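Student: Could you pick one part of this model and take me through it closely? I'd like to see what sits around it and how the neighbouring pieces are held, with the cut-offs spelled out.

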Amino acid sequence: MESYKQEFIEFMVRSGVLLFGDFVTKSGRQTPFFINTGKYETGAQMTMLGKYYARALRGAVGEDVDVLFGPAYKGIPLVVSTAMALAEEHGQHVSFCFNRKEAKDHGEGGSLIGHTPREGERVVIVEDVTTAGTSIRETVALLKPVARVRFTGIVVSVDRMEKGSGEKSALEEIRETFGIPVFPIVTLQEIVEHLAGRELDGRMVIDEAMLQKVRQYREQYGAP
């Protein structure tokens, strides 16, 4: 595993974003782990987060991007920090935009803030954790009447490696439905490999009992 991925896993734990215990997902599944990117709350955290996203994006699509799009609301700080990190860390200058939840009916109007995508531009969607693909569907519908853009990828923080509505993984379903490849910074398997049986800041994040819970969850909901 690349060192930046290991750093990102520990960064999520220390930020209180990656949690292990007993939770219920939006889809109603009982899960022993939970990722809540709404817990990022400082400028220092957002600076680091942008660097991790930028590193993953560079490895996934390289220079094949003109615009970063962040679905409201969690995608807004992600898309800004990633664009900044690309410029500062890699000398790669891309535009960014995000949407309002409700279109503005005065002033300049519209639903988009930042760069307005133009014909033929390559767009990468920056998300937190996506499963059902609802925000992706909304993004495609939102940008379609603006310009004929080409979506070259979706970058998310974690691939939970679980089934979507069928037997395939949620990210594979998104790839097939929208024709857009999805690139996670890390996968659940990488998280478990790095944290299982290892102390972080003096505490065990995934002990043997928690490891068994994760395995049981994977047996029930994990994608092939």
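**A loop and its surroundings**

Tutor: Happy to! Let's start at Gly166, which is partly exposed, with a relative accessible area of 30% (buried means under 20%, exposed over 50% and partly exposed in between, using a 1.4 Å probe and protein chains only). This is a predicted model, in which local features need pLDDT of at least 70 and side-chain atom pairs count only at pLDDT 80 or more, while totals for chains, interfaces and linings use all residues. Residues are numbered from 1 along each chain as its sequence is written, and side-chain values use heavy atoms, with hydrogens and water left out.

Gly166 belongs to the loop joining strand S7 (150-159) to helix H5 (170-178); helices (H or I, at least four residues) and strands (E, at least two) are DSSP runs numbered from the N terminus. From the C-alpha of Gly166 to that of Ala223 is 9.2 Å, although 57 residues separate the two along the chain.

Glu162 is found in the loop between S7 and H5 too, and at 7% relative accessibility it counts as buried. Its side chain makes a polar contact of 2.8 Å with the side chain of Arg29; such a contact is a pair of N or O atoms within 3.5 Å, where within protein one must be able to donate a hydrogen and the other to accept it, and residues adjacent in sequence count only if both atoms are side-chain atoms. Setting aside neighbours within four places in sequence, Glu162 is in contact (heavy atoms within 4.5 Å) with Arg29, Lys168, Ser169, Ala170, Tyr217, Tyr221, Gly222 and Ala223.

Two tyrosines in that list bring us to the rings. The structure holds 8 aromatic pairs (rings of Phe, Tyr and Trp, the last by its six-membered ring, pair if their centres lie within 6.5 Å; planes under 30 degrees apart are stacked, over 60 edge-to-face and the rest tilted). One of them is the stacked pair of Phe11 and Tyr40, 5.5 Å centre to centre with 15° between the planes. Because Phe11 lies in helix H1 (residues 3-14) and Tyr40 in the loop between strand S2 (30-35) and H2, this pair ties together parts 29 residues apart in sequence. Phe11 counts as buried at 12% relative accessibility, and Tyr40 is buried at 10%. Returning to the contacts of Glu162, Tyr217 and Tyr221 have ring centres 5.0 Å apart and planes at 50°, so their pair is tilted. They sit 4 residues apart in helix H7 (residues 208-221), which separates them by about one helical turn. Tyr217 is buried at 4% relative accessibility, and Tyr221 is buried at 19%. Elsewhere, ring pairs link Phe8, Phe11, Tyr40 and Tyr52 into a cluster.

Both S7 and H7 lead us to helix H6 (residues 188-195). Of its 8 residues, 6 are buried, so the rest of the structure largely encloses this helix. Those residues are Leu188, Glu190, Ile191, Val192, His194 and Leu195, and they pack against H1, strand S1 (18-24), S2, S7, strand S8 (182-187) and H7. Just after H6, Gly197 takes a positive phi of about 70°.

Ile191 and Leu195 reappear in the largest nonpolar core (buried Ala, Val, Leu, Ile, Met, Phe, Trp, Tyr and Cys residues joined through side-chain atoms within 4.5 Å): among its 48 residues, they touch the most other members together with Phe8, Met12, Leu18, Phe20 and Leu68. Helix H2 (residues 43-61) gives the most to this core, with 8 residues. Not counting residues up to four places away in sequence, Met12 touches Val17, Leu18, Tyr40, Val158, Val186 and Ile191.

Finally, the charged groups: there are 16 salt bridges, each a side-chain nitrogen of Lys or Arg within 4 Å of a carboxyl oxygen of Asp or Glu. In H1, Arg14 and Glu10 are 4 residues apart, about one turn of the helix, and their side chains meet in a salt bridge of 3.5 Å, N to O. Arg14 is partly exposed at 48%. At the start of S7, a network of salt bridges takes in Arg150 with Asp64, Asp66 and Arg122.
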